[in-house]
Amino acid sequence: MNKQKITKGQFFTKAQLWLKPQVKDFIESSDRAVAYDPFAGAGDLINCSDLYGIKNRLGLDIDDSLGWEHNDSLLRVPRIDNSIIITNPPYLSNYSASRKKVMEDVKQYFDASEYDDLYLIALDRLLQSSDYVVAIVPETFINSNYLQKNRLSQITILEENPFEDTETPVCVACFDNAIKPLEDIVIYKNNDLITTLAEIEALRLQPKNNIKIIFNKSDAWLGLRAVDTTNPAKRIKFDYKENFNYDWSKGIKVSSRLLTLININVPDNDRQSFINESNSILEDVRLKTSDIILSPFKGNMKNGVRRRRLDYYTARAILEIAYIKIYGENDVSDQPLLFSTFG
């Protein structure tokens with residue numbers, strides 16, 4: 001991938017996989033006369049405006065070679081009367097910019113914002129400029145700390161990849177000009193209504209950090225596959241380390257986030273019950289939230305369902321709940337090891 005593509009976050013859509021019925025209804029109900037894309041790219045999102053009933057189109061882009069009027073929309077998005085913004089803003093985190101050695105090209109944007117990804121900075125500019133915004137953004141947006149989520153009307157998770165050149169899991173976020181409670185913000189997966197943003201937030205697990213749990217401990221007994229594989233039979237799970245097809249003698253890096261070992265003080269004769277309880281809690285969370293509180297991972301399983309990753313914050317909460325279910329609150333309060341670490 002060339003440097004310009006990285007620094008401009010250019011990933012172009014294909015076909016109209018993003019235009020789900022509920023997204024089309026949102027655009028049509030806005031009753032706007034202009035389909036406006038400040039990050040127009042190849043023009044895929046507004047060139048198909050006949051499909052959602054808008055005749056007038058306007059695009060801007062920072063890349064002069066694409067043929068649109070020049071504008072750096074990460075700095076300012078001009079306001080266009082009677083328009084709805086329909087766009088795919090650039091994606092690039094400050095971590096990725098540093099790792100790919102392109103930070104100098106994008107530093108001005110991060111310096112002027114509290115956010116750590118260009119797409120979040122872009123959303124601020126878009127919502128300053130328009131009452132109605134439809135944006136294809138990384139699905140991690142759902143779990144982000146973005147401050148203007150209360151302007152959302154709906155989110156649609158796209159399990160089928162709408163891009164030709166990236167496997168970044170995405171969703172379609174639809175904003176209007178009304179501030180609303182999270183109970184009124186609905187989440188779809190593909191064409192199906194799943195839940196509300198309020199229900200997702202209510203189901204998030206919070207660790208209490210009252211049990212000694214050490215992640216990435218090379219001599220620990222408990223293994224964790226923290227990412228779904230492409231095989232639906234090999235999803236995220238806790239198990240004895242011996243039951244994973246992995247050579248643990250290779251060691252565990254402190255930064256490991258895919259497959260790791262965890263140390264927690266559970267007697268040998270209770271370990272299978274502890275594993276079963278932990279996996280039961282994990283599956284219950286996945287079922288109740290339709291996987292949404294688990295971070296999306298690139299690509300899908302072979303059954304077409306998006307792969308997911310279990311972050312260690314949530315994993316710790318699951319292990320704490322399992323421990324208390326087996327031993328009770330009193331046993332936790334009597335423990336001499338009342339601290340936790342990722343070391």
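Here is a chat about a predicted model, going through its rings, its cores and its strands.

Me: How many aromatic pairs does the structure hold?
Reply: Ring centres have to lie within 6.5 Å of each other to count as a pair. Going by that, the total for this structure is 13 aromatic pairs.

Me: Take Trp18 and Tyr52: is that pair stacked or edge-to-face?
Reply: Their ring centres are 6.2 Å apart, and their planes meet at 70°. Planes over 60 degrees apart count as edge-to-face. So the pair of Trp18 and Tyr52 is edge-to-face.

Me: How many residues apart are Trp18 and Tyr52 along the chain?
Reply: Trp18 is in the loop between helix H1 and helix H2, while Tyr52 is in the loop between helix H3 and strand E2. Both residues are buried. The pair links distant parts of the chain, 34 residues apart.

Me: What about Tyr91 and Phe163, what angle do their planes make?
Reply: These two form an aromatic pair as well, with 6.2 Å from centre to centre. The pair is edge-to-face, and the angle between the planes is 85°.

Me: Is Phe163 buried or exposed?
Reply: Buried means under 20% relative accessible area. Phe163 has 1% relative accessibility, so this residue counts as buried. Its partner Tyr91, at 8%, gets the matching label: buried.

Me: Which residue lies over the face of Phe141?
Reply: Phe141 belongs to a cluster that ring pairs build from Tyr115, Phe141, Tyr146 and Phe175. A lysine lies over its face, at 5.7 Å from the ring centre. That residue is Lys149.

Me: Which helix gives the most to the largest nonpolar core?
Reply: This core has 89 residues, and among the members that touch the most others are Trp18, Tyr52, Leu123 and Phe141. One helix, spanning residues 118–129, gives eight residues to the core, and that is the most. The helix is H6.

Me: Leaving aside neighbours within four places in sequence, which residues is Leu123 in contact with?
Reply: Leu123 is one of the core members that touch the most others. Once its neighbours within four places are set aside, its contacts are Ala135, Val137, Phe141, Tyr146 and Phe175.

Me: How many residues are in the second, separate core?
Reply: Its members include Ala220, Phe244, Ile252 and Leu261. Phe244 also has Lys237 over its face, at 5.6 Å from the ring centre. The size of this second core is five residues.

Me: Which strands stand at the edges of the open sheet of four strands?
Reply: The order in the sheet is E10-E13-E11-E12, with antiparallel pairing. An edge strand here has a single partner strand, so one side is left without a neighbour in the sheet. The two edge strands are E10 and E12.

Me: Which residue stands opposite Leu222 in E12?
Reply: Strands E11 and E12 run antiparallel and are joined by four bridges. Across from Leu222, the residue in E12 is Tyr240.

Me: Which helix packs on that sheet?
Reply: The helix covers residues 271–289 and touches E11, E12 and strand E13. Its direction makes about 170° with that of E12. The name to note is H8.

Me: Which residue takes a positive phi in the hairpin of E14 and E15?
Reply: E14 and E15 pair in the antiparallel sense over three bridges, and Ser295 stands opposite Arg309. Between the strands there are five residues. The residue with a positive phi, near 90°, is Gly304.

Notes:
Residues are numbered from 1 along each chain as its sequence is written. This is a predicted model: local features need pLDDT of at least 70, side-chain atom pairs count only at pLDDT 80 or more; totals for chains, interfaces and linings use all residues. Side-chain values use heavy atoms; hydrogens and water are left out. Two strands pair if DSSP finds at least two bridges between them. Rings of Phe, Tyr and Trp (its six-membered ring) pair if their centres lie within 6.5 Å; planes under 30 degrees apart count as stacked, over 60 as edge-to-face and the rest as tilted. Buried means under 20% relative accessible area, exposed over 50%, partly exposed in between (1.4 Å probe, protein chains only). A charge sits over a ring if NZ of Lys or CZ of Arg is within 6 Å of the ring centre and within 35 degrees of the ring normal. A nonpolar core is a set of buried Ala, Val, Leu, Ile, Met, Phe, Trp, Tyr and Cys residues joined through side-chain atoms within 4.5 Å. Contact means heavy atoms within 4.5 Å. Axes are lines fitted to C-alpha atoms, for helices over the stretch in contact, and angles run from 0 to 180 degrees between N-to-C directions.
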